[in-house]
Amino acid sequence: MTAAPEGLGTATWDALAPWLTEVRLQPGERLFREDDVADSLYVVRQGTLAIHFELQPDQLLDRVGPGQVVGERALLLGGHRSASGTAEDEVVALRLDRDRYETLVAEHPELGRDLSAALHERVRRTRLASHLQAILGDLGPEALREIQAQVEWVQLRSGEVLFRQGDPPDGAYILALGRLQVAVADGAGGERIVDQTAPGQWVGEMGLLAGQPRSATVYALRDSELVWLPKALFDDIVARWPAR
């Protein structure tokens, strides 16, 4: 048996491993298809899976290699698969069915905690990839992983300030979840609301592009989650992948 996959503790993996069944695929074979019933997760033991929409097999959403888990969101939340998984080479995957998962969680609560943590991280990655693709076009999985390794995640409670008018521009943000409000000083000691920001939009990029202090104060209208790109990373993205 292989070592514990990313995001799973050794004790949890030891409890999980005897319940897994092996699946072997040849290049081009599907492990699962978009819209299939989501009734299992997989741990890739050998080879690489390409994750893609069924009608757009050339536009990769992710690549999943040895030691990585795929399908945990589908297993935990149910419903149907949101994408397809196709073997790029000879793939050996280990499958955990829903009924076995539910039995294991009842006997080993730490399994549920570890998988929930892995789910949260994958949802973050998927959300970031979706926003970056919408802003910059098709980057490819390697470029996405390069960017994901350098960003930081920021959480704001409702009413908290992200940055204030006049602050130095130390980076840019992408709003991943929630809603932000943009305000400027009105000259009388108050503020005037000028805009709101929805998920998938840049925040603070104009200050970086112009090299000037923040032109407005931004705060959370509701609990929000953002991706922070430090100035060096933002400059690199703009140079290498200009928005389309």
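Which helix gives the most to the lining of the second largest pocket? Keep that in mind while you set up the viewer.

This is a predicted model, where local features need pLDDT of at least 70, side-chain atom pairs count only at pLDDT 80 or more, and totals for chains, interfaces and linings use all residues. Residues are numbered from 1 along each chain as its sequence is written, and side-chain values use heavy atoms, with hydrogens and water left out.

**Stop 1: the pocket**

Select Val203, Gly204, Glu205, Met206 and Ser215: of the 19 residues that line the second largest pocket, these lie nearest its centre. Strand 13 (191-197), strand 14 (202-203) and helix 6 (205-210) are the elements that give two or more residues to this lining. And the helix you were asked about is helix 6, with 4 residues. Helices (H or I, at least four residues) and strands (E, at least two) are DSSP runs, numbered from the N terminus.

The pocket has a volume of about 300 Å³, which is the space filled by probe spheres set on grid points, joined across faces, edges and corners. A pocket here is an open set of points on a 1 Å grid over the protein atoms alone, where a 1.4 Å probe fits, with protein on both sides within 12 Å along at least five of seven lines; lining residues have an atom within 4 Å of a point.

Try colouring the lining by type: you should get 9 nonpolar, 7 polar and 3 charged residues. Asp, Glu, Lys and Arg count as charged, Ala, Val, Leu, Ile, Met, Phe, Trp, Tyr, Cys and Pro as nonpolar, and the others, Gly among them, as polar.

**Stop 2: an open sheet**

Now show strands 2, 7, 4 and 5. These 4 strands make an open sheet in the order 2-7-4-5, with antiparallel pairing. Its edges are strand 2 (30-32) and strand 5, each of which pairs on one side only. From one strand to the next the twist averages 40°, using axes fitted as lines to C-alpha atoms and angles from 0 to 180 degrees between N-to-C directions. Two strands pair if DSSP finds at least two bridges between them.

Zoom in on strand 4 (residues 49-53), which 5 bridges join to the antiparallel strand 5 (residues 56-64). Follow the hairpin of 2 residues from strand 4 to strand 5, then find Ile51 opposite Asp62. Towards strand 7 (residues 84-87), strand 4 pairs over 4 bridges, antiparallel again, and Ala50 stands opposite Thr86 there.

Before leaving, click Leu61 in strand 5. Leu61 is partly exposed, at 29% relative accessible area. Here buried means under 20%, exposed over 50%, and partly exposed in between (1.4 Å probe, protein chains only). Add Asp138: Leu61 and Asp138 sit 77 residues apart in sequence and 9.4 Å apart in space, C-alpha to C-alpha.

**Stop 3: strand 3**

Select strand 3 (residues 40-46), where 5 of the 7 residues are buried. Antiparallel to strand 3 runs strand 8 (residues 91-97), joined by 6 bridges, with Ser40 opposite Asp97. Strand 6 (residues 69-70) is also antiparallel to strand 3, through 2 bridges; look for Val43 and its bridge partner Val69.

**Stop 4: helix 7**

Finish with helix 7 (residues 231-240), where Leu233, Phe234 and Ile237 are buried. They are on the same side of helix 7 because they cover an arc of only 100° around the axis, the arc being that of the directions from the helix axis to the C-beta atoms. Which exposed residues does the face turned away from the buried side carry? Spin helix 7 around to see Ala232 and Ala239.
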